[in-house]
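User: I am new to this structure and should be grateful for a close look at one part of it, followed by a fuller account of its surroundings.

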Amino acid sequence: MLKLPVCPYCNTIYRYGEVKKSTSKKSKICYHCNKEFKISKKRIIILFIFVVLVAAAINVAQLYITPTLNVLLLIVTNILLIIIGILLIPFFISYKQVKNDTD
């Protein structure tokens with residue numbers, strides 16, 4: 001199930017906009033407990049693979065269903081899938097504890 005990340009120390013909930021702003025950073029400080037945590041983006045690869053597989057399946061289905069090749073339909077479908085994939089990125093971000101933290 002898709003869930004937005006929470007602080008690994010105090011389980012503070014981060015909203016979609018906050019997570020989206022933090023995607024370009026490597027670490028962040030929790031606004032509740034003031035502890036630093038890493039921002040892990042490893043699961044974005046899973047999202048990318050899923051979007052590519054779904055796009056390929058839909059493209060093949062469209063090519064078999066439509067009697068004539070309609071490239072514009074394929075382009076629009078792929079652009080929509082890319083937009084959906086970009087909107088889902090914050091759900092595939094995770095926050096991890098910093099390993100050298102002694103608290």
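Is S94 buried or exposed, and what is its relative accessible area?

Analyst: This is a predicted model, in which local features need pLDDT of at least 70 and side-chain atom pairs count only at pLDDT 80 or more, while totals for chains, interfaces and linings use all residues. Residues are numbered from 1 along each chain as its sequence is written, and side-chain values use heavy atoms, leaving out hydrogens and water.

S94 is buried, with a relative accessible area of 12%; buried means under 20% and exposed over 50%, with a 1.4 Å probe and protein chains only. S94 belongs to strand β3, residues 94-97, where strands are DSSP runs of E with at least two residues and helices are runs of H or I with at least four, numbered from the N terminus. Leaving aside residues up to four places away in sequence, S94 touches P5, K38, I39, S40 and R43, contact being heavy atoms within 4.5 Å.

Helix α2 offers a second view of burial. Its buried residues are L47, V51, A55, N59 and Q62. Seen down the axis of α2, these fall within an arc of 100°, so they line one face of the helix; the arc is that of the directions from the helix axis to the C-beta atoms. The face of α2 turned away from the buried side carries the exposed residues I45, I46, F50, L53 and Y64. The buried residues of α2 pack against α3, residues 71-88.
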